Amino acid sequence: MANHKKKKKVEVTKEKAVFLDLFYMTPSEVSIKEMADFLKESGEVMVDFWEEMEVFEVGKTGFEPVTFEKSRVEFGHPSDQSFIKNRGIQNIFVVTAEEKAFEQLKDCMEKLVEQFGGFICSDSEDFKPFYMGEQ
């Protein structure tokens, strides 16, 4: 008689990715190309740049890329306009990042903010929390 062993089902739970919707606001006149070139020169990360779309992605192997795009958002609310004016913001970029990838690229993001000024903040009513840079 054959010995039949029951095979156990192994449940694999895949962690659901958490994405961050952020803004990079800077008081300097900087282009997407300048930021992409700056990060590319560091040699620490992979950078893909699409000039006609004003978009670049920065990443490390094994993680989703972080995407920067020139913002086309209209900030019509008076409190938003005041926030932007009081900080001398000249450029706003939409940043989309998977949370783990953003953490892996935190040093790279800090270098970007150090080079061009400004801050990275949440796409929320009060732009909080701030992730890095001037507040």
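In the predicted model, glutamate 54 lies in the loop that links strand 2 to strand 3, the latter spanning residues 55-59. Although glutamate 54 is not a glycine, its phi is positive, at about 55°. A second backbone feature is found in the loop between strand 6 and strand 7, where proline 129 is located; the peptide bond leading from lysine 128 to proline 129 is cis, with an omega near 5°. Most residues other than glycine have a negative phi, and most peptide bonds are trans.

The strands that flank these loops belong to an open sheet of 7 strands, which is arranged in the order 2-3-4-5-1-6-7 with antiparallel pairing. Strand 2 (46-50) and strand 7 (130-133) occupy the edges of the sheet and have a single partner strand each, so that one side of each of them is left without a neighbour in the sheet. From one strand to the next, the twist averages 20°. Within this arrangement, strand 1, comprising residues 19-26, is paired in the antiparallel sense with strand 6, comprising residues 119-122, and the pairing extends over 4 bridges. Methionine 25 has phenylalanine 119, a residue of strand 6, as its bridge partner.

Turning to the helices, the axes of helix 1 (residues 32-42) and helix 4 (residues 106-116) come within 11 Å of each other and cross at roughly 125°. Because angles over 145 degrees count as roughly antiparallel and those from 65 to 115 degrees as roughly perpendicular, the two helices, helix 1 and helix 4, are therefore described as oblique to each other. The crossing of helix 1 with helix 4 is right-handed. On the side of helix 1, the contact involves Glu34, Met35, Phe38 and Leu39, which meet Cys108, Lys111, Leu112, Gln115 and Phe116 of helix 4. By residue class, the contact of helix 1 with helix 4 divides into 6 nonpolar, 1 polar and 2 charged residues.

Helix 1 also contains a pair of charged side chains, aspartate 37 and lysine 33, which meet in a salt bridge with an N to O distance of 2.9 Å. Aspartate 37 and lysine 33 are separated by about one helical turn, because they stand 4 residues apart in helix 1. Over the whole structure, the search for such interactions finds 5 salt bridges.

Methods: Residues numbered from 1 in each chain as written. Predicted model: local features only at pLDDT ≥ 70, side-chain atom pairs only at ≥ 80, totals over all residues. Heavy atoms only, no water. Pairing = 2+ DSSP bridges. Axes fitted to C-alpha atoms, helices over the stretch in contact; angles between N-to-C directions. Parallel < 35°, antiparallel > 145°, perpendicular 65-115°, else oblique. Left-handed = near helix turned anticlockwise from the far one by under 90°. Contact = heavy atoms within 4.5 Å. Nonpolar A, V, L, I, M, F, W, Y, C, P; charged D, E, K, R; others polar. Salt bridge = Lys/Arg side-chain N within 4 Å of Asp/Glu carboxyl O.
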